[in-house]
Every structure is written in structure tokens, then in C-alpha cells.
Amino acid sequence: MDRQKMMMNALRYGLLFASAIFLWALLETVLGLHDRYIRYHEYLSYFFAVPSVGIMYVGICAGEETPAKGMRFRRALWKGLAITAVVAVLSPVVWLVFCTFVNPAFLGNMAQYAIESNAMTPSLAAKRYALPNYLFVSAFSMAIIGAVISLVIAIIMAGRQRKQ
């Protein structure tokens, strides 16, 4: 797979990942995890790891002739990091659209819950759930989480190749 195809692959799966983030947030809203069942939000949002890993795995394997036989560590890692870069750039855009147009009360609800549950002081909650900060944290966390997922998948893919 040449560089152009690899970058198109990263864009395709980065967009898919960003879309999944948006759809997950929408599902959380519909299920009431952003208001009446907000106390469960922290725990149930961890389930997003399943589609995250799935999308990253499929994206890393895409375009390979025999992904079941594995691939070189460096190649798998770079493919995953390229997808991660796209997601890290798009994640703040997704959250900006979501928090502005879909659920403008989301960050306020999160701040209020943090205060009411004694998890944060009002001043800390106001800073933590301010839109600019939330957008920064989303990009930064997606970069870290995506890099870790990419690393784990690359290790698994390289191990498969070694066994062949």
C-alpha cells in the first residue's frame, strides 16, 4: 500500500471513527445518559472502547492482502497512528457540533452533576466543562487513546506475522 492509499485509508477510517463518536454521543443523549441517568454516564461510556478498537483494527487491516497472517509492527503502527491523527483533529469538531446544536445542555449537566456528587468544586467543574477545555481534552485524549490502541493492535499483528 503506497502512501497515498495509506492516507486515504486513514481519512476513511478516521471519518468513520469520528462518526462513531458522534453517533455514540447521540445514543447516550437518547438513552438519557446526559440528563436523567447522568450518574451512569461515566461507567457506560467505557463501552465505546468496543467500537473504537473494532474500527481501528479494521482500519489497520484495510488494504492488506492477508491481514489474518499479520503485518510488520511498524506498518501496523503507522497505519493506526495515521487514523489516530485524523480522529484527534476531527474529535473537537464532532464535540463542537454536538454541544452546540444537538445537546447544548450536555456540558452544563456534566458540570452540575460533578458539583452535586461532590466530585468537583464549582470553580473546577466550570473550568473542566467549559467548551474550549472540553474540545482540547477530547483531541488530547483521542490522541493518547488512539496511540495506545494502535500500539496494542500493531503488537498483535506483528506477533501473528512472526508465527507464520
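Is Gly63 buried or exposed? I started my notebook with that one, and the predicted model gave a clear reply: Gly63 is exposed, with a relative accessible area of 58%.

**Entry 1: around Gly63**

I looked up where Gly63 sits, and found it in the loop between helix 3 and helix 4. I then checked a partner far along the chain. Asn9 is 54 residues away from Gly63 in sequence, yet their C-alpha atoms are separated by 8.0 Å.

**Entry 2: the whole chain**

Next I stepped back for an overview. I counted seven helices and zero strands, so my sketch of the element order, read from the N terminus, is simply α-α-α-α-α-α-α. The C-alpha trace spans about 55 × 30 × 25 Å along its principal axes. The chain has 164 residues, and 39% of them count as buried. I also looked at contacts between residues at least 6 apart in sequence: 73% of these join residues at least 24 apart.

**Entry 3: helix 3 against helix 4**

At what angle do helix 3 and helix 4 pack? I noted about 125° for helix 3 (residues 49-61) and helix 4 (residues 73-102), with their axes 9 Å apart. That angle makes helix 3 oblique to helix 4. I wrote the crossing down as right-handed. On the helix 3 side, the contact is made by Met56, Gly59, Ile60 and Cys61. On the helix 4 side I listed Ala76, Lys79, Gly80, Ile83 and Thr84. By class, the residues of this contact divide into five nonpolar, three polar and one charged.

**Entry 4: helix 1 against helix 3**

I turned to helix 1 (residues 3-30), which packs with helix 3 at an angle of about 165°, the axes being 10 Å apart. Helix 1 and helix 3 are therefore roughly antiparallel to each other, since the cut-off for that label is over 145 degrees. This crossing is right-handed. From helix 1, I found Asn9, Tyr13, Leu16, Phe17, Ala20 and Trp24 meeting Pro51, Ser52, Ile55, Met56, Val58 and Gly59 of helix 3. The contact of helix 1 with helix 3 has nine nonpolar, three polar and no charged residues.

A cross-check of my lists was handy here. Asn9, the partner I had looked up for Gly63, is in the helix 1 part of this contact. Met56 and Gly59 of helix 3 meet helix 1, and Met56 and Gly59 are also in the contact with helix 4.

**Entry 5: helix 1 against helix 4**

How far apart are the axes of helix 1 and helix 4? I noted 7 Å, with a packing angle of about 35°. Helix 1 and helix 4 make a right-handed crossing. Sorted by class, their contact has 22 nonpolar, four polar and one charged residues.

**Entry 6: two serines in helices**

I picked Ser52 from the helix 1 contact list for a closer look. Ser52 lies in helix 3 and is buried, with a relative accessible area of 5%. Leaving aside residues up to four places away in sequence, Ser52 touches Phe17 and Ile149. Phe17 was already in my notes as one of the helix 1 residues that meet helix 3.

My other serine was Ser91, which lies in helix 4. Ser91 has 1% relative accessibility and so counts as buried, the limit being under 20%. Which residues does Ser91 touch, not counting residues up to four places away in sequence? I wrote down Ile21, Ser138, Ala139 and Met142. With Ser138 there is also a polar contact of 3.5 Å, joining the two side chains.

**Entry 7: two more loop residues**

Tyr46 has its place in the loop between helix 2 (41-44) and helix 3. At 57% relative accessibility, Tyr46 counts as exposed. I took one C-alpha to C-alpha distance from here: Tyr46 and Ala130 are 22 Å apart in space and 84 residues apart in sequence.

Last, I looked up Asn118, in the loop between helix 5 (106-116) and helix 6 (122-128). Asn118 counts as exposed at 69% relative accessibility. Its backbone caught my eye: phi of Asn118 is near 60°, a positive value in a residue other than glycine. I made a note beside it that most residues other than glycine have a negative phi.

Note on methods
Residues are numbered from 1 along each chain as its sequence is written. This is a predicted model: local features need pLDDT of at least 70, side-chain atom pairs count only at pLDDT 80 or more; totals for chains, interfaces and linings use all residues. Side-chain values use heavy atoms; hydrogens and water are left out. Axes are lines fitted to C-alpha atoms, for helices over the stretch in contact, and angles run from 0 to 180 degrees between N-to-C directions. Helices (H or I, at least four residues) and strands (E, at least two) are DSSP runs, numbered from the N terminus. Angles under 35 degrees count as roughly parallel, over 145 as roughly antiparallel, 65 to 115 as roughly perpendicular and the rest as oblique. A crossing is left-handed if the near helix is turned anticlockwise from the far one by less than a right angle, and right-handed if clockwise. Contact means heavy atoms within 4.5 Å. Ala, Val, Leu, Ile, Met, Phe, Trp, Tyr, Cys and Pro count as nonpolar, Asp, Glu, Lys and Arg as charged, and the others, Gly among them, as polar. Buried means under 20% relative accessible area, exposed over 50%, partly exposed in between (1.4 Å probe, protein chains only). A polar contact is a pair of N or O atoms within 3.5 Å; within protein, one must be able to donate a hydrogen and the other to accept it, and residues adjacent in sequence count only if both atoms are side-chain atoms.
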